[in-house]
2 protein chains.
Amino acid sequence: MRRTELRPYVLDDTLILECNIAIIELKDAQETDVKINFEAQAPPSELVHNLSSLLEATEGSDVSFKVKEEIFPAHKIILAMRSPVFRVKFYGPMRDESSRSITVEDMQPAVFRGLLHFIYTDSLPPLDYLDDDEYEEMVRHLLMAADRYAMERMKYMCEIKLCGVLHTGTVATTLALADQHHCSKLKDACIGFINSSNRMVGVMASKGYESLKRTCPSVIADILEKAAKTRRI
Amino acid sequence: MRRTELRPYVLDDTLILECNIAIIELKDAQETDVKINFEAQAPPSELVHNLSSLLEATEGSDVSFKVKEEIFPAHKIILAMRSPVFRVKFYGPMRDESSRSITVEDMQPAVFRGLLHFIYTDSLPPLDYLDDDEYEEMVRHLLMAADRYAMERMKYMCEIKLCGVLHTGTVATTLALADQHHCSKLKDACIGFINSSNRMVGVMASKGYESLKRTCPSVIADILEKAAKTRRI
């Protein structure tokens, strides 16, 4: 301690040296260090990894699905936990306890595999190995599968993906899909896309347009009305 | 366009007005808007919520645990997916397929409830309703339960919590626990805590010290050696 920090004075017949002493609490410092050190190393959640391993190992599987020629083992409780449709099927009042093998019609094995992937991991399957057309086609089928099993979040994530790849050649097909599966945001995005930058002529020449007119006639009116409102026609 | 932005000059007998024109691509702008708008609204993962609902509703439960006087229904596949001990019990070569009711000895119902909470949600149960002593006691028991069922992440999270509440009165008890359950980081933290700020006398006077000496004599040597190394004695 430097001499200038001492404040000496005399009181009665006593010399008093007044000084401030700071006590550094080692305890606090150490505890904080230990805490920070630990939290930095806390491992991330393992739930998705555990579920993903379960799907791969199919340990304890109590149901299997036949899709075309492929067999997919699965777990009733996981399916029911994630999809209201599976919940009713396996645990509803009309359930068939003995049904351990279920045949899935009108779906490609790759799409069912993608559905199981989402059920177990809460994310869409990897799609980057597909070319642009295959990608769009696969996402459309995943959206249909999600709707069939009432997987709302999966359906929404497919909508997001389709919104990102709108183009003149296929937007009519996507719009028909959006209308049939009640995807209002995707439908709005398709109509907005068609009505921007005079794309209508190109859309009318595309393969999906005739089908759109036939299956979803009311959507044609939606396009016209939206165009009129935004003063494009 | 302002006149200053035009750069007029004469070339041969022609007056040239040079200006920059920026073309705003409506297509890109629109697509990006739609994409951002969608992603912002993408709902968060539902896995933890689904698992949490499953634990509460106990729908499709295929096993139940009797802990003292309380009964806890659960799902073998979820338990096995999360704990190697349950995996061997339910799906290992020595499994007993018929066992649907299991009695758990040497554990309080609240601790088992906390274990199930972690198994289904990947997080420790809420503990803020407990006072300081009860909190520390509960976390110690959760650590023991985690170790018993080989839930490594749960055990580690209990270690972190105990590191945050080290104090002279109970650190000997925590150190004995850390030693018995092979929690090396918690053990180091306890020894570091004891050796800082001359706490040894207080620790020796605490309830847990005699028990520590008796059950984990080698730890006493660890404290002494660590203290010697850091030149505190």
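This briefing walks through a few features of the structure above, one topic at a time. The model is a predicted one. We start with chain A as a whole, move to a small sheet and a helix pair in chain B, and finish with two residues that have an unusual backbone angle.

**Chain A in outline**

- Chain A has 12 helices and 5 strands as its secondary structure.
- Of the 233 residues in chain A, 41% are buried.
- The exposed surface of chain A comes to about 13400 Å², and carbon and sulfur atoms supply 54% of that area.
- Among contacts in chain A with a separation of 6 or more, 59% are between residues 24 or more positions apart.

**A three-stranded sheet in chain B**

- Chain B contains an open sheet of 3 strands, and their order is S4-S3-S5 with mixed pairing.
- S4 and S5 of chain B are the edge strands, each pairing on one side only.
- From one strand to the next, the twist of this sheet averages 25 degrees.
- As general background, the strands of a sheet pair through backbone hydrogen bonds, in either a parallel or an antiparallel way.

**Strand S3 and its two partners**

- Strand S3 of chain B covers residues 63–67 and is mostly covered, with 4 of its 5 residues buried.
- On one side, S3(B) is joined by 5 bridges to strand S4 of chain B (residues 70–74), and the two run antiparallel.
- If you would like a pair to look for here, Ser64(B) stands opposite Pro73(B) in S4(B).
- S3(B) and S4(B) make a hairpin with 2 residues between them. In the turn, Lys68(B) has a positive phi of about 50 degrees.
- The pairing of S3(B) with strand S5 of chain B (residues 101–104) is in the parallel sense, over 4 bridges.
- Two residues of S3(B) can be followed across to S5(B): Lys66(B) has Thr103(B) as its bridge partner, and Val67(B) has Val104(B).

**Two helices that cross in chain B**

- Helix H2 of chain B (residues 47–57) and H5(B) have axes that come within 8 Å and cross at roughly 145 degrees.
- H2(B) brings Val48(B), Leu51(B), Ser52(B), Leu54(B) and Leu55(B) to this contact, while H5(B) brings Leu116(B), His117(B), Tyr120(B) and Thr121(B).
- Sorted by class, the residues in the contact of H2(B) with H5(B) are 6 nonpolar and 3 polar, with no charged ones.

**Two residues with a positive phi**

- Most residues other than glycine have a negative phi, so a positive value is worth a second look.
- Asp106(A) is not a glycine, yet it has a positive phi of about 55 degrees. You will find Asp106(A) in the loop between strand S5 (101–104) and helix H5 (109–121) of chain A.
- Asp106(A) counts as exposed because its relative accessibility is 72%, and the cut-off for exposed is over 50%.
- Asp122(B) also is not a glycine and has a positive phi, of about 65 degrees. Its place is in the loop between helix H5 (109–121) and helix H6 (132–148) of chain B.
- Asp122(B) is buried because its relative accessible area is 5%, where buried means under 20%.

**What surrounds Asp122(B)**

- Beyond its neighbours within four places in sequence, Asp122(B) is in contact with residues of chain A, namely Ser45(A), Glu46(A) and Leu47(A).
- Asp122(B) is also in contact with Arg82(B), His117(B) and Arg153(B).
- A polar atom of the Asp122(B) side chain lies 2.8 Å from the backbone nitrogen of Glu46(A).

Methods: Residues numbered from 1 in each chain as written. Chains lettered and ligands numbered in written order. Predicted model: local features only at pLDDT ≥ 70, side-chain atom pairs only at ≥ 80, totals over all residues. Heavy atoms only, no water. Buried < 20%, exposed > 50% of the residue type's maximum accessible area, 1.4 Å probe, protein only. Polar contact = N/O pair within 3.5 Å; in protein donor to acceptor, adjacent residues only side chain to side chain. Contact = heavy atoms within 4.5 Å. Pairing = 2+ DSSP bridges. Axes fitted to C-alpha atoms, helices over the stretch in contact; angles between N-to-C directions. Nonpolar A, V, L, I, M, F, W, Y, C, P; charged D, E, K, R; others polar. Areas by Shrake-Rupley, 256 points an atom, 1.4 Å probe, with all protein chains shown as cover.
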